[in-house]
Amino acid sequence: MSINQKFEQELRAQIEQLQSDNVYKRLNYIDSPQSARVQMEGHGEVLILSSNNYLGLCDEPAVVEGGMEGLRRFGAGTGSVRFICGTFTAHRELEEALARFVGTEASLTFVSCWNANEGLTASLVQEGDFVVSDALNHASIIDSLRLAKAITKCTTGVFRHSDMDDLVEKLRAHSGARRRLIWTDGVFSMEGSIARLPELLQVARDHDAVLIVDDSHGTGVLGATGRGTAEHFGVLGEVDIITSTLGKALGGAAGGFVAGSAALCDVLTQGSRPQLFSNALPPTVAISALAAVEFVEQHPERVRTLRENSQFFRAAIEEAGFKPLPGETPIVPIIVGETASAIQMSELLLAEGIFVTGFGFPVVAKGEARIRCQVSAAHTRADLEGAVAAFRKVGKKVGLI
């Protein structure tokens, strides 16, 4: 049976247009563990400056051994959804540790934070509710609101990025809503900026709203001991709902979670569609993630190293003549303008042995394409100095500095 030729031609034309516009994304294959330096097919050893491996736990022996022990103890997969026969003691151990770590009563794991966000919004809201989202929130939050609106007929809105006055205006305009919920990232992944959490908490209290924070780029990164944006601001335990990932600072494998009250997690267990219709998080991933949480709890110095590396790199890249977006996280975005320019710069840097990704539309707004640098605790000072030297060379070549 042949495939639909017209459909195939349309797909090829779409790809050719991306290539013609110089915005086509090419995948690079890594043939070693994710680390500060990796072996990349066709490029040899390269320095990674584009990974969410903030604490360097992807190849940390304790985390790797945790996954191997999980594989030996529980096997490769769950073979079922949670409520049928897919819940393992590994899930309970991990969920207890995650709740303890982020300062909530309970937590519930999902196969990704995307699933967690998607399942959360649609499970919580009903017709008559109002959900408002920061304009720069992650795509998973945006799509979760679209899905919830389609399913429940709730009302959704967007407030200008970190603009408390606009948020209050939106909440007041929907004062008659049955329930109001505020959605925000803790750390905005493309900006490297941190949500104004104390102010958001006050607005939520003043307007009887539920505050939800996706802390995927804050967990393991912010706060004295890596417990996230809430610890960073001294409000640990005060956020209504936290969602986050196991795929970034916490070992980089996969999975996500919702953390909040025991009642919230029970409601999600009863009705969240990703829980009811998708296999549970593989137990080997659950155990490696548990090992990562325990490692961070036992080694807060790893979080300090990340912070020191981030400060060093930001200062050095500014001294080299670049003007990254301001911030205090390991995300250091350098705006270059057009998507093609960002892709060209990333390719030139790769030729210098530095792998860092250029981002453009639709990931970020048109005209705001950027090279997003992400610093890790696994980087040495020599690594970071070498990266800055490569940036200086390439930046002069493309006329950015």
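1. In this note Ala, Val, Leu, Ile, Met, Phe, Trp, Tyr, Cys and Pro count as nonpolar, Asp, Glu, Lys and Arg count as charged, and the others, with Gly among them, count as polar. The model under review is a predicted one, and the points below go through its cavities, its pockets and a few of its elements and residues.

2. The count of cavities of 30 Å³ or more comes to two. The largest cavity holds about 60 Å³ of space, and its lining is made of R82, T109, F110, V111, N115, P274, Q275, S278, N279, A280 and L281. Strand β3 (106–110) and helix α11 (273–277) are the elements that give two or more residues to this lining. Sorted by class, the lining of the largest cavity has five nonpolar residues, five polar residues and one charged residue.

3. The second largest cavity has about 40 Å³ of space. Its lining consists of S35, A36, I48, S51, N53, Q374, S376 and H379, and by class these are two nonpolar and six polar residues, with no charged residues.

4. Turning to the pockets, the largest one has a volume of about 940 Å³. It is lined by 38 residues, and those that lie nearest its centre are H138, S189, M190, V363 and R372. The elements β4 (130–134), α6 (139–152), β5 (155–159) and β15 (369–374) each supply at least two residues of this lining, and among the contributors α6 gives the most, with five residues. The lining of the largest pocket divides into 17 nonpolar, 14 polar and seven charged residues.

5. The second largest pocket has a volume of about 540 Å³. It is lined by 20 residues, of which K25, R26, N28, T357 and G358 are the closest to its centre. Two or more residues of the lining come from each of α14 (339–351) and β14 (358–359), and the largest share, five residues, is that of α14. By class, the lining of the second largest pocket has 11 nonpolar, six polar and three charged residues.

6. Strand β15, which appears in the lining of the largest pocket, is mostly covered, since six of its six residues are buried. In a regular strand the side chains alternate between the two faces of the sheet. In β15 one side carries A369, I371 and C373 and the other carries R370, R372 and Q374, and these residues are all buried, so that both faces are covered. One of them, R372, is also among the residues nearest the centre of the largest pocket, while Q374 is part of the lining of the second largest cavity.

7. The partners of β15 can be followed in the model as well. Strand β12 (residues 331–337) pairs with β15 in the antiparallel sense over six bridges, and here G337 stands opposite A369. β14 also pairs with β15 in the antiparallel sense, over two bridges, and G358 has I371 as its bridge partner. G358 is at the same time one of the residues closest to the centre of the second largest pocket.

8. Helix α5 (residues 113–124) offers a simple check that a reader can repeat: at 1.5 Å a residue, its 12 residues should span 16 Å, and its end C-alpha atoms are 16 Å apart, which agrees. Nine of the 12 residues of α5 are buried, so the helix is largely enclosed by the rest of the structure. The buried residues are C113, N115, A116, N117, G119, L120, T121, A122 and L124, and N115 also belongs to the lining of the largest cavity. The N-terminal end of α5 is capped by S112, which has a side-chain oxygen 3.4 Å from the backbone nitrogen of W114.

9. S133 lies in strand β4. Its relative accessible area is 3%, under the 20% limit, so S133 counts as buried. The side chains of S133 and N137 are joined by a polar contact of 2.7 Å.

10. Two backbone angles deserve a closer look. Most residues other than glycine have a negative phi. K153, however, has a positive phi of about 70° although it is not a glycine; it is found in the loop between α6 and β5, and at 56% relative accessibility it counts as exposed. D208 likewise has a positive phi, near 50°, and is a residue other than glycine. It is found in the loop between α8 (197–206) and β9 (210–214), and with a relative accessible area of 68% D208 is exposed.

Methods
Residues numbered from 1 in each chain as written. Predicted model: local features only at pLDDT ≥ 70, side-chain atom pairs only at ≥ 80, totals over all residues. Heavy atoms only, no water. 1 Å grid on protein atoms, 1.4 Å probe; cavity = no way out; pocket = protein on both sides within 12 Å on 5 of 7 lines; lining within 4 Å. Points joined across faces, edges and corners; volume = space filled by probe spheres on them. Helix = DSSP H or I, 4+ residues; strand = E, 2+ residues; numbered from the N terminus. Expected span 1.5 Å × (residues − 1). Buried < 20%, exposed > 50% of the residue type's maximum accessible area, 1.4 Å probe, protein only. Polar contact = N/O pair within 3.5 Å; in protein donor to acceptor, adjacent residues only side chain to side chain. Pairing = 2+ DSSP bridges.
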